[in-house]
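Q: Please take a close look at the contact between the two chains and explain carefully what the model shows there.

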Amino acid sequence: MAAAVGRVLRLGGRWSAAVPGGPRAQTLRLIYTTTAVQRKNVGASGPEKYTEEFIKKQIEEFNLGKRHLANMMGEDPETFTQEDIDRAIAYLFPSGLFDKQARPMMKHPTEIFPEQRKIQWGEDGRPFHFLFYTGKQSYYSLMHETYEKLLNVEKYQDQLTAQDFSPHKEKRNLAGSRWLTKIELEEMLLEKLSDNDYSRFIQLLEKLMTLSCGDIQDKYIQKFSKEVPAQLQKVAIEPLQYDERGVAFSTGKGARKTARATAVVYDNGTGRITVNGIDVLHYFPVLQDREQLLFPFQFLNRIGKHDMVCTVSGGGRSAQAGAIRLASAKALRSFVTEKEVEFMRQAGLLTLDPRVKERKKPGQEGARRKFTWKKR
Amino acid sequence: RLTQVRWSRYNPSFLEPEVNKELYQKPWEELSEEEKEKLELKAVRPIKAAPPTVSSSVFSDPMISKFTNMMMKDGNKVLARSLMAQTLEAIKRKQLEKYHKAPEDEKETIECNPYVIFHQALKNCQPIIGLSSITRGGKTYQVPVPLKDNRRRFLAMKWLITECRENKHRRTLMPEKLSQELLQAFNNEGPIIKKKHVLHKTAEANRAYAHFRWW
C-alpha cells in the first residue's frame with residue numbers, strides 16, 4: 001500500500017485537498033490527479049485561480065525584487081535586463097538539476113502565471129457573451145466575424161462589377177508568411193480547439209485571401225499570419241584553402257543514416273575519386289552509388305575538373321554513398337557562385353536526409369508490422 | 001474526418017527537390033507566372049534531400065526507376081537494375097538486327113532507342129477507364145470509373161511485370177521475355193494490349209452502372 005502510494009507520488013502528480021459538499025462533513029479527502037489529466041495553460045477550467053489583484057501584487061513584488069537583486073549584484077537597477085536576472089539567479093542559486101524548468105527561476109509574472117479568462121457570468125448567473133452556451137464562445141464569435149468580413153468583401157466585389165470596374169489582382173507575397181499554428185490560436189483565444197475547428201478557420205482565412213478584393217481586410221488577416229524569415233537558410237560558406245603545391249581545396253562533412261563522411265575536393269584535378277584509400281571503382285562496385293557520388297559534379301558541369309579524397313565510416317553501401325554526396329556538395333559550395341549554391345539547394349543536394357530506421361514498438365513485430373491476428 | 005497515420009521525418013513545410021538541370025538555366029524573363037510564384041516560394045521554404053535513386057545525369061529516368069523498383073524482390077536493387085539494363089540491351093539488339101535486315105526505305109521507320117520504345121510501350125498499355133467494385137443493397141457491382149494518371153501508369157507496369165513472371169516458358173529469362181513484351185506493346189500487339197482492350201470492353205458493357213459512382 002505504502003509502496004503503491006510512493007510509486008504514484010514519483011510519477012509527478014499533484015495532491016490537492018478537497019472538502020466534499022455538505023455542511024455536516026468535516027473531513028478532508030485527498031484527491032490525486034496525474035500530470036496527464038491536468039490541462040496545460042488554457043484557462044476556463046473553472047473560476048479564476050489568480051485574481052487580478054493577485055497578479056498585480058506579484059508584478060510589484062517582481063519589480064522590487066529585481067531592484068534588490070541589481071543592488072546585490074552591484075549593477076544599475078534601472079538597466080537590469082531579464083538576461084542579467086537569469087545570470088544572477090544562476091550564480092546565487094547554483095543547481096545541478098537536469099531539467100531547466102526545475103531550477104530556480106525569476107521571471108515576470110505574466111510568463112509564469114498562464115493567462116486565464118475572467119469569470120464570464122455576472123452576479124445573477126447570466127453569462128455576458130451571447131455564445132457562452134456553445135462552450136467555445138471565442139472560437140465561434142471569431143468564425144462569425146471572419147464570415148462577416150467575407151460577406152462584406154463579396155458585396156464590395158459585386159458593387160464593383162455592377163459599376164463595371166474590373167477588380168484588380170494584387171498578389172500578396174504568399175512565400176513570406178504563414179498562418180498561426182493551432183497552439184498559437186489556442187493561446188490567443190484562451191480556449192481548447194479541436195483539429196477540425198482549426199482547419200475550418202484556416203479554410204475561411206484562405207478563402208478570404210484568394211478573393212481579389214481581400215486587400216481591404218488586410219489588417220484583419222495580418223492578425224492571424226506570421227512572417228517567416230527568409231534568412232533562415234543563410235549558412236556561411238567557407239573560403240578556399242590552399243595546400244603546399246598551391247592547389248585550392250575545400251572540405252565538407254556529410255551524414256546519412258549512420259554513415260559519417262568527410263570529403264576534400266581539390267581543384268585542377270582529373271576527376272579521380274579515392275574513398276578510404278581505395279579507388280572508387282573498387283569501393284563502390286554498384287553503379288547507383290557511383291552515380292550518387294558524381295551527382296553534385298554533374299549538376300555543376302565540373303566532372304573532370306576536381307579530384308576528391310574522402311573518408312567514410314558506418315552505415316551501409318547506399319548510406320555511405322549518400323553521406324559522401326552530401327559532403328562533396330558542401331565542399332563544392334566554396335568553388336561556386338552564390339546562385340549555383342542556391343540551385344544546388346533547390347535540387348536537394350545540400351539537405352541532410354533526416355530519414356533513419358524507425359524503432360520497433362512493443363506489442364508489434366516490427367516498426368509497423370503487427371503480429372499475426374489469430375481469432376482464438 | 002480522418003487523421004493521418006502516415007507521417008514523414010520531414011516537417012510538412014519542406015518542398016520536393018527539382019533535379020532537372022535545364023530548368024535552372026532558363027533566364028527569369030522566360031518563366032510563366034506560376035513558375036515565378038513557385039520560385040519565390042522555393043527561395044523561402046526548406047527543401048527535402050534528393051532521394052538516392054535520382055540523379056541529374058541523362059541516364060536517370062523516373063519511369064525506368066519506378067519500373068525497376070516494382071521489379072525488385074526482397075530489396076535486391078542490384079539484381080533489378082541489372083535485369084533492367086539487360087532488357088534495354090536486348091531491345092536494342094533486336095531492333096538493330098531488324099534495322100540491318102530491313103530495306104533502305106524502311107530503315108527510317110525502325111526505332112532503335114530503347115528508352116523511346118519503353119515509354120511508348122507503357123503509354124500504349126495504359127488503360128483509360130477502370131472498374132471499381134461498389135456494394136449497393138448487398139450486391140457488388142463493377143462500376144466503370146475514370147483512372148488517374150499515376151494509377152494508369154501503375155497498372156500498365158504491374159500488368160507487364162505479372163505477365164512476364166507468369167506466362168513464360170520455364171527456361172526463358174526475364175530480360176528476354178520483357179524485351180519481347182515491350183516490343184509487342186510498342187507495336188500495339190501482345191497479351192497486355194489485349195488485357196487492356198478486354199478491360200475497356202467490360203467497362204463499356206457495364207455502362208449502365210456508371211451512375212453508382214459518386215466521385
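A: What follows looks at the contact between the chains, and then at how far the coordinates can be trusted.

This is a predicted model, and in it the contact draws 33 residues from chain B and 35 residues from chain A. Between them, chain B and chain A bury about 3100 Å², with 50% of that area on carbon and sulfur atoms. Three residues stand out on one side, since B:Y24, B:V44 and B:P52 supply 21% of the area that chain B buries against chain A, which is more than any other three residues give.

Turning to polar pairings, 16 residue pairs across the interface of chain B and chain A are in polar contact, whereas the rule finds one salt bridge across this interface. That salt bridge joins the side chains of A:E291 and B:R81, with a distance of 3.6 Å from N to O. On the side of chain B that touches chain A, the helices α2 (33-44) and α4 (77-101) of chain B each supply at least two residues, and α2(B) gives the most, with eight residues. Sorted by class, this side of chain B has 18 nonpolar, three polar and 12 charged residues.

The annotation of chain B adds some context, for an unreviewed UniProt entry places the feature "domain: Small ribosomal subunit protein uS7" at residues 50-207 of chain B. In the model, residues 50-207 of chain B are 59% helix and 10% strand, and the end C-alpha atoms of the span lie 44 Å apart.

Beyond the interface, a search of the whole structure finds 21 salt bridges over all chains. One within chain A pairs A:E78 with A:R67, where the closest N and O atoms are 3.2 Å apart. This pair links distant parts of the chain, with A:E78 in the loop between α2 (52-73) and α3 (82-92) of chain A and A:R67, 11 residues away, in helix α2 of chain A.

Finally, confidence should be weighed for the partner chain: chain A averages a pLDDT of 83, and 82% of its residues score at least 70. Among the elements of chain A, helix α11 (residues 317-332) has the highest mean pLDDT, 95, while helix α1 (residues 2-10) has the lowest, 46. The pLDDT stays under 50 over residues 2-13 of chain A, for which the model has nine contacts beyond four places in sequence, and also over residues 16-28 of chain A, for which there are 10 such contacts. Where pLDDT is low, the predicted coordinates should not be read in detail.

Methods
Residues are numbered from 1 along each chain as its sequence is written. Chains are lettered from A and ligands numbered from 1 in the order in which they are written. This is a predicted model: local features need pLDDT of at least 70, side-chain atom pairs count only at pLDDT 80 or more; totals for chains, interfaces and linings use all residues. Side-chain values use heavy atoms; hydrogens and water are left out. UniProt positions are given in the numbering used here, feature names are shortened, and annotations may be inferred rather than shown by experiment. Helices (H or I, at least four residues) and strands (E, at least two) are DSSP runs, numbered from the N terminus. Contact means heavy atoms within 4.5 Å. Buried area is the accessible area (1.4 Å probe) that two parts lose on being put together, summed over both. A salt bridge is a side-chain nitrogen of Lys or Arg within 4 Å of a carboxyl oxygen of Asp or Glu. A polar contact is a pair of N or O atoms within 3.5 Å; within protein, one must be able to donate a hydrogen and the other to accept it, and residues adjacent in sequence count only if both atoms are side-chain atoms. Ala, Val, Leu, Ile, Met, Phe, Trp, Tyr, Cys and Pro count as nonpolar, Asp, Glu, Lys and Arg as charged, and the others, Gly among them, as polar. pLDDT is the predictor's confidence in each residue, from 0 to 100.
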